Amino acid sequence: MFLALCNEERKTMILRQFLHTDPVGVSYLFGCGGKAAAAVVDPAGDIEFYLRAAEDAGMRIHFVVDTHVHADHLSAGRALAEAAGAAYVLSAEADVAFPFKGVRDGEVLSLGNVTATVLHTPGHTPEHICLLVSDRTRADEPWFVLTGHTLMAGDLGRTELAVSAEQGAEDLFRSAGRLKALPDHVEVLPGAYAGSVCGRRLSGKPWSTIGFEKRHNEALRIEDEAAFIRFMLAEIPPAPPQAAALRAANSALAAAAA
């Protein structure tokens, strides 16, 4: 677990990173300690784990966010949101069969002194979002970005799980450009690390910075769109087991069609 308590005595930013191994993935609890307001991002597994983590930090969960409709595991997002009395957040572009709080590029989720600005970053999936987070008790500029399966330490996300690999790669090229434009100091907190089926060259270190990835992430360094698409279409790893079925379950579209 990666733990950050920034200025704990004044209870400003609180951040918890939770590493999962079956399947490999990462989820987060973050927010404003002073206002006791938190969000959970990409939860998986037992929801009691997140409820206890929030309670231990003295926080109330206001938002539960899935960065995208997952294809490698069953999301715990809706169940956690219901149990916590929180809003369940997805991109407004998400094609799902249940009510949710749809967010669009540029919208801000407010958690007291902490803000999370939505970046629509299609590519891994069409509806994918990242969250650019600032702690206004420290500075208005962003501190870290929660990147889901768009940008990870060592690679970018695969592109063929929801659309054609080529269409996904075209979208991802533009999304990668947006992330590269962020300040170099911004920390990258991804949704996967080494062992995940959602990337090819993932590091076992589950966080990085924009500046380091711009210099050392082979996919992110490519400036030419055609070369980028060729790179992303090469060496596509085997799809996650039951990927289509998991994405259908997480969108509830399978149940709606039954």
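**Notebook: cysteines, domain and largest pocket**

I looked up Cys32 and noted that it is buried, with a relative accessible area of 0%. I record at the outset that the model is predicted.

I turned next to Cys130, which also counts as buried, at 0% relative accessibility. Both values fall under the 20% cut-off, and therefore I entered Cys32 and Cys130 as buried. I then asked how many disulfides the structure holds. The count is 0.

I consulted the UniProt record for a domain. The unreviewed entry carries the annotation "domain: Metallo-beta-lactamase", which covers residues 24-192. Over residues 24-192 I found the chain to be 20% helix and 35% strand. The end C-alpha atoms of this stretch are 7 Å apart.

I then searched for open space in the model. Rolling a probe the size of a water molecule over the atoms shows where empty space is left. The largest pocket has a volume of about 230 Å³. I noted that 18 residues line the largest pocket, and that His20, Pro23, Ala44, Gly45 and His73 are the closest to its centre.

Which elements give two or more residues to this lining? They are β3 (24-32) and α1 (47-56). The element that gives the most is β3, with 3 residues.

Finally, I sorted the lining of the largest pocket by class. I entered 7 nonpolar, 7 polar and 4 charged residues.

How values were computed
Residues numbered from 1 in each chain as written. Predicted model: local features only at pLDDT ≥ 70, side-chain atom pairs only at ≥ 80, totals over all residues. Heavy atoms only, no water. UniProt positions renumbered as here; feature names shortened; annotations may be inferred. Helix = DSSP H or I, 4+ residues; strand = E, 2+ residues; numbered from the N terminus. Disulfide = S-S within 2.5 Å. Buried < 20%, exposed > 50% of the residue type's maximum accessible area, 1.4 Å probe, protein only. 1 Å grid on protein atoms, 1.4 Å probe; cavity = no way out; pocket = protein on both sides within 12 Å on 5 of 7 lines; lining within 4 Å. Points joined across faces, edges and corners; volume = space filled by probe spheres on them. Nonpolar A, V, L, I, M, F, W, Y, C, P; charged D, E, K, R; others polar.
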